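Reader: I would like to learn how to read a model of this kind, feature by feature. Could you take me through one, giving the general idea and then the case at hand?

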Amino acid sequence: MSKLHLVFGGRVKDPRTLDFADPSQLEVVGIFADYGDAEKAWRAAAQRTVDDAEMKFVVVHLHRLLEPDTIAPPAA
């Protein structure tokens, strides 16, 4: 299975959280086949909005959501 990654972002209520102010206004940057490409897209989107502390972009590991049983539990 491909290791798909989603990059998206938008305005957050508090810059210390991922509580998006208006989920209907989220910007989807794209879905990428590997983390390297997703990171490049994330950096470009974040750089574009660097002067706005309330804008936040994230990378989501879609492959982990699609196959949750393959995620190893955290080490104790």
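**Reading the model, from one residue outwards**

Author: Let us begin with a single residue: histidine 5 is buried, with a relative accessible area of 3%. Please keep in mind throughout that this is a predicted model.

Reader: What makes histidine 5 count as buried?

Author: The general idea is a cut-off, since a residue is called buried when its relative accessible area is under 20%. Histidine 5 has a value of 3%, and therefore falls in the buried class. As for its place in the fold, histidine 5 is found in strand 1, which covers residues 5-11.

Reader: Which residues does histidine 5 touch, if those up to four places away in sequence are not counted?

Author: Its partners include Gly30, Ile31 and Phe32, then Asp34, Tyr35 and Ala38, and also Val59, Val60, His61, Leu62 and His63. Closer along the sequence there is a polar contact to consider as well, for the side chain of histidine 5 reaches the backbone oxygen of lysine 3 at 2.7 Å.

Reader: How many helices and strands does the chain have, and in what pattern do they follow along the sequence?

Author: The chain has two helices and three strands, and when it is read along the sequence the pattern is β-β-α-β-α.

Reader: In what order do the three strands lie in the sheet?

Author: Order in a sheet is read across the strands, and here the open sheet has the order 2-1-3, with antiparallel pairing. The edge positions belong to strand 2 (27-32) and strand 3 (55-61), each of which pairs on one side only. From one strand to the next, the twist averages 15 degrees. Helix 1, residues 35-48, packs on this sheet and touches strand 1, strand 2 and strand 3, while its direction makes about 170 degrees with that of strand 3.

Reader: How many bridges join strand 1 to strand 3?

Author: Seven bridges join these two antiparallel strands, and as a landmark within that pairing you may take glycine 10, which stands opposite lysine 56 in strand 3.

Reader: Is lysine 56 buried or partly exposed?

Author: Lysine 56 has a relative accessible area of 22%, and because buried means under 20%, it is classed as partly exposed. Leaving aside neighbours within four places in sequence, lysine 56 is in contact with a set of residues that includes Phe8, Gly9, Gly10 and Val12, as well as Arg16, Thr17 and Phe20. Its side chain also reaches the backbone oxygen of proline 15, at 2.7 Å.

Reader: How far is the C-alpha atom of lysine 56 from that of aspartate 14?

Author: The two C-alpha atoms are separated by 10.0 Å, although the residues are 42 apart along the chain. Aspartate 14 is found in the loop between strand 1 and strand 2, and at 22% relative accessibility aspartate 14 counts as partly exposed. What joins its side chain to that of arginine 16 is a polar contact of 2.9 Å.

Reader: How many aromatic pairs are there, and which residues form them?

Author: The count comes to one aromatic pair. Phenylalanine 8 and phenylalanine 20 form this pair, with 5.7 Å from centre to centre and 45 degrees between the planes, and the arrangement is tilted. The pair links distant parts of the chain, for phenylalanine 8 lies in strand 1 and phenylalanine 20 in the loop between strand 1 and strand 2, 12 residues apart. As to burial, phenylalanine 8 is buried with a relative accessible area of 15%, and phenylalanine 20 is buried with 13%.

Reader: Where is threonine 49 found?

Author: Threonine 49 is found in the loop between helix 1 and strand 3. With a relative accessible area of 15%, threonine 49 is buried, and apart from its neighbours within four places in sequence it is in contact with Met55 and Phe57.

Reader: What share of the chain's residues count as buried?

Author: Of the 76 residues, 24% count as buried. The accessible surface of the chain comes to about 5,500 Å², and 56% of that surface belongs to carbon and sulfur atoms. Finally, among contacts between residues at least 6 apart in sequence, 61% join residues at least 24 apart.

Conventions
Residues numbered from 1 in each chain as written. Predicted model: local features only at pLDDT ≥ 70, side-chain atom pairs only at ≥ 80, totals over all residues. Heavy atoms only, no water. Helix = DSSP H or I, 4+ residues; strand = E, 2+ residues; numbered from the N terminus. Buried < 20%, exposed > 50% of the residue type's maximum accessible area, 1.4 Å probe, protein only. Polar contact = N/O pair within 3.5 Å; in protein donor to acceptor, adjacent residues only side chain to side chain. Contact = heavy atoms within 4.5 Å. Pairing = 2+ DSSP bridges. Axes fitted to C-alpha atoms, helices over the stretch in contact; angles between N-to-C directions. Phe/Tyr/Trp six-rings, centres within 6.5 Å; stacked < 30°, edge-to-face > 60°. Areas by Shrake-Rupley, 256 points an atom, 1.4 Å probe, with all protein chains shown as cover.
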